[in-house]
Amino acid sequence: MPTKSIPLTEDLHAYVLAHGSPPDALARELIDETVALLPADAEMQIAPEQAGLLTFLTRLVNARQAVEVGTFTGLSSLAIARGLPADGRLTCFDISEEYTAVARRYWARAGVEDRIELRIGPAAETLRSLPVEPHLDFAFVDADKPGYPSYWAELVPRMRTGGLIVVDNVLRGGRILAPQTVADRAIAEFNEAVLDDERVELVMLPIADGLTLARRR
Ligand code: DHB
Ligand code: MG
């Protein structure tokens, strides 16, 4: 089957970025601060075009109740919170007080801190504090890769019909075809497992390091 997706050269990628709504000054500052503050870990930050997509998708599903697993310095949570109505709610799960302290500053500056609740701890456990009935409209998973199956197991029953789970790093820098690390293998197994999950329909987008969109049936 010939591919209809064209390979993105650097110039084409720049063109793609230049023709979607750009990050605003605050998001730009957060991106830059994360790189300056945490040069070794900044690659964990989502790509600017993913931030735009998260806001877009949050609005598209009219999300009021959202969850994020893996907050880091906050670019994705900022994007999701901005797509919520003023009385919407984003619950963020992360293990790091240090990284999320940066996120908190930007939530405040963006005026979305009232919509966000941060829970620190291992998400496989803290997610269980959420009601088990289907009440979530939107979820973003971007945490430790071996934890993805347990986050998935906790999230899917809590998604309402039509709710969307977005999963980051499903292509592992292209290594998904020949997994090299523990995290690569974890994602390779995760990708197969979700494919067999009849509760969702899936689209995998080759944006940044790959996003899986899973819509709850
Ligand atoms: C890593 C994690 C991420 O979520 C990401 O987007 C990129 C890299 C990592 O753990 O290396
Ligand atoms: Mg990621």
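Accessible areas here come from the Shrake-Rupley method with a 1.4 Å probe, and for residues only the protein chains shown count as cover.

**Entry 1: the model and its conventions**

I noted that this is a predicted model, in which local features need pLDDT of at least 70, side-chain atom pairs count only at pLDDT 80 or more, and totals for chains, interfaces and linings use all residues. Residues are numbered from 1 along each chain as its sequence is written, chains are lettered from A and ligands numbered from 1 in the order in which they are written, and side-chain values use heavy atoms, with hydrogens and water left out.

**Entry 2: the whole protein**

I looked up the exposed area, and the protein exposes about 11,100 Å², with carbon and sulfur atoms supplying 57% of it.

I then looked up the secondary structure. The protein has 8 helices and 7 strands. These are DSSP runs numbered from the N terminus: helices are H or I with at least four residues, and strands are E with at least two.

For the dimensions, I recorded that the C-alpha trace spans about 50 × 40 × 30 Å along its principal axes. The radius of gyration is 17 Å, which agrees with the value near 17 Å for a compact globule of 217 residues. This radius is taken over C-alpha atoms, and the globule rule is 2.2 Å times the number of residues to the power 0.38.

Of the 217 residues, 50% are buried. Buried means under 20% relative accessible area, exposed means over 50%, and partly exposed lies in between (1.4 Å probe, protein chains only).

I also looked up contacts (heavy atoms within 4.5 Å). Among contacts with a separation of 6 or more, 69% are between residues 24 or more positions apart.

For charge, I found 22 positive and 32 negative side chains, and the centres of the two sets lie 5 Å apart. Lys and Arg count as positive and Asp and Glu as negative, while His and the chain ends are not counted. The place of a charge is NZ of Lys, CZ of Arg, CG of Asp or CD of Glu.

**Entry 3: aromatic pairs**

How many aromatic pairs does the structure hold? I found 3. Rings of Phe, Tyr and Trp (its six-membered ring) pair if their centres lie within 6.5 Å; planes under 30 degrees apart count as stacked, over 60 as edge-to-face and the rest as tilted.

Phenylalanine 72 and tyrosine 99 form an edge-to-face pair, 4.9 Å centre to centre and with 80 degrees between the planes. The two residues are 27 apart in the chain: phenylalanine 72 is in the loop between β1 (65-69) and α4 (75-83), and tyrosine 99 is in helix α5 (residues 97-110). Both phenylalanine 72 and tyrosine 99 are buried.

Tryptophan 152 and phenylalanine 190 are also edge-to-face, because their ring centres are 5.6 Å apart and their planes stand at 85 degrees. This pair links helix α7 (residues 148-155), which holds tryptophan 152, to helix α8 (residues 182-195), which holds phenylalanine 190, 38 residues apart. Tryptophan 152 and phenylalanine 190 are both buried. I noted further that ring pairs join Tyr148, Trp152 and Phe190 into a cluster.

**Entry 4: positive phi values**

Most residues other than glycine have a negative phi. I therefore looked up two residues that have a positive one.

Asparagine 62 has a phi near 50 degrees. Asparagine 62 sits in the loop between α3 (48-60) and β1, and is exposed, with a relative accessible area of 62%.

Phenylalanine 72, already met in Entry 3, has a phi of about 55 degrees. Its relative accessible area is 7%, and phenylalanine 72 is therefore buried.

**Entry 5: single residues and one helix**

Is aspartate 184 buried or exposed? Aspartate 184 lies in helix α8 and has 0% relative accessibility, so it counts as buried. Beyond its neighbours within four places in sequence, aspartate 184 contacts Arg172, Arg175, Ile176 and Pro179.

Arginine 89 belongs to strand β2 (residues 89-94) and is partly exposed at 31% relative accessible area. With neighbours within four places left aside, the contacts of arginine 89 include Arg64, Leu84, Asp114 and Glu117. The C-alpha atoms of arginine 89 and aspartate 114 are 8.3 Å apart, with their positions 25 residues apart in sequence.

Leucine 57 is in helix α3 and counts as buried at 7% relative accessibility. Leucine 57 touches Phe138, Leu164, Val166 and Leu213, apart from residues up to four places away in sequence.

Finally, I examined α4, where 8 of the 9 residues are buried. Among them are Leu75, Leu78 and Ile80.
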